[in-house]
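Let's take a walk through this fold, starting with the overall layout and ending with the charged side chains. Keep the viewer open as you read.

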Amino acid sequence: MKNRPQTIQLFLPDGSPTSIKEAEITNRLVKAVFFPRNKLKEVSVRELVHFTGVYFLFGVTEESKPLVYIGEGEDCYTRILEHNRKKDFWTHCVVVATKTNDYNKADSKFLEHYCLEKTIAVGRYEIHNDTGSKKPSLSESREHDLLDNFGTIKILLATLGYPLFEEKRKANTTKEHFYCKTKEISSKGELNDDGFLIYKGGTCVLKESSKSPEWVTRLRKKLLNQEVLKEVNGVLIFQKDEIFNSPSAAAVTVLGRAANGWTSWKDINNNTLDKIKRGN
């Protein structure tokens, strides 16, 4: 679905941009409340966190992608208090409900189930849930209403810094595709809002150069441990789309040596990423 212009309203109850935030698209029913874990007591006065809805607990580890736990509750705050006692990984939370507390238990269960499915499909975050979520039985019309609400949830989460449901691939034409290759290997990708994305199926050299910086070896080892890369017939192959924070980080992974990503990635006409995107 093509993006369209949106106006997002953010309210900072205590005036701090890193503390509690309320986010909404003013003409939509759904609203989100973001808060750091250390503001769990303070956020309790926000009415919406006590409504029926879905919530997202976010955290990070050095070993994996960012983590998320997706849950639902008839009083989300009560459920989050339980997680505060039992779960260590999370640092921030987002609660999503309607401004008028219109959701019932079946609605929140449906959104939880759908959000878990979409998180797995997109693959940006590792899910911390121990079990799946069973899809409840709803009327066809109600499902469509909730899917429409999901579109708002997707936008609000990304606006708050959690692009949980944003598709990794953004390139719309072959002109936006770039390649990094040698005689033995070739990878294809794109420059996007998150950094540089290498597509599933791209190949990398098997061994790093003896002069390769230590961080290159660590990065590739991490990707092997996460099964993003897999050795097949003397090369490493990307098993899924993978986002890197820069073109150079992507290039060194493919080439196994120090490299300038802005000149290593080239389009189908052999123009460098640097020339196409920076005019150099």
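The protein chain has seven helices and 14 strands. Keep in mind that this is a predicted model. The C-alpha trace spans about 60 × 40 × 40 Å along its principal axes, and 45% of the 280 residues count as buried. If you look at contacts between residues at least 6 apart in sequence, 62% of them join residues at least 24 apart.

Start with the seven-stranded sheet. It is an open sheet with mixed pairing, and its strands come in the order β1-β2-β3-β6-β4-β5-β7. The edges are taken by β1 (8-11) and β7 (126-127); each has a single partner strand, so one side of each has no neighbour in the sheet. Further in, β2 and β3 run antiparallel and are joined by four bridges. To find that pairing on screen, pick Glu 22, whose bridge partner in β3 is Val 33.

Two helices go with this sheet. Helix α2 packs on the sheet and touches β4, β5 and β7, with its direction at about 165 degrees to that of β5. Helix α1 lies across β3, β4, β5 and β6, and runs at about 30 degrees to β4.

Now zoom in on α1. Which residues of α1 (residues 76-86) are buried? They are Cys 76, Tyr 77, Ile 80 and His 83. These residues cover an arc of only 110 degrees around the axis, so they sit on the same side of α1. There is a simple piece of helix geometry to recall here: with 3.6 residues a turn, residues three or four places apart in an α-helix point the same way. The cover over the buried residues of α1 includes β3, β4 (53-59), β5 (67-73) and β6 (92-98). On the face turned away from the buried side you'll find the exposed residues Arg 85 and Lys 86. Have a look at the start of α1 too, where a side-chain oxygen of Asp 75 comes to within 3.1 Å of the backbone nitrogen of Tyr 77.

Next, move along the chain to another sheet. Here three strands form an open, antiparallel sheet in the order β11-β13-β12. Its edge strands are β11 (203-204) and β12 (229-232), and since each has a single partner strand, one side of each is left without a neighbour in the sheet. Four bridges join β12 to β13 (residues 235-238), and the two strands run antiparallel. Leu 229 is a handy marker, because its bridge partner in β13 is Phe 238. Helix α4 (residues 214-225) packs on this sheet and touches β11, β12 and β13, while its direction makes about 85 degrees with that of β12.

That leaves the charges. Side chains of opposite charge can pair when their charged atoms come close. How many salt bridges does the structure hold? There are 18. One of them joins Arg 28 and Asp 148, with the closest N and O atoms 2.7 Å apart. Arg 28 sits in the loop between β2 (21-25) and β3 (30-36), and Asp 148 in helix α3 (residues 140-159), so this pair ties together parts that are 120 residues apart in sequence. Both ends are partly exposed: Arg 28 has 23% relative accessibility, and Asp 148 has 41%.

Other salt bridges stay within one helix. In α2 (residues 105-122), Glu 112 and Lys 109 are three residues apart, about one helical turn, and their side chains meet at 3.3 Å, N to O. Glu 112 is buried at 8% relative accessible area, whereas Lys 109 is partly exposed at 26%. In α7 (residues 273-278), Asp 274 and Arg 278 are four residues apart, again about one helical turn, and their salt bridge is 2.7 Å, N to O. Asp 274 counts as buried at 12% relative accessibility, while Arg 278 is partly exposed at 45%.

Finally, there is a network to trace. Glu 22, Glu 24, Lys 31, Arg 46 and Lys 99 are joined into one network by salt bridges that share partners. You've met Glu 22 already, as the bridge partner of Val 33 in β3.

Conventions. Residues numbered from 1 in each chain as written. Predicted model: local features only at pLDDT ≥ 70, side-chain atom pairs only at ≥ 80, totals over all residues. Heavy atoms only, no water. Salt bridge = Lys/Arg side-chain N within 4 Å of Asp/Glu carboxyl O. Buried < 20%, exposed > 50% of the residue type's maximum accessible area, 1.4 Å probe, protein only. Arc of directions from axis to C-beta. Contact = heavy atoms within 4.5 Å. Polar contact = N/O pair within 3.5 Å; in protein donor to acceptor, adjacent residues only side chain to side chain. Pairing = 2+ DSSP bridges. Axes fitted to C-alpha atoms, helices over the stretch in contact; angles between N-to-C directions.
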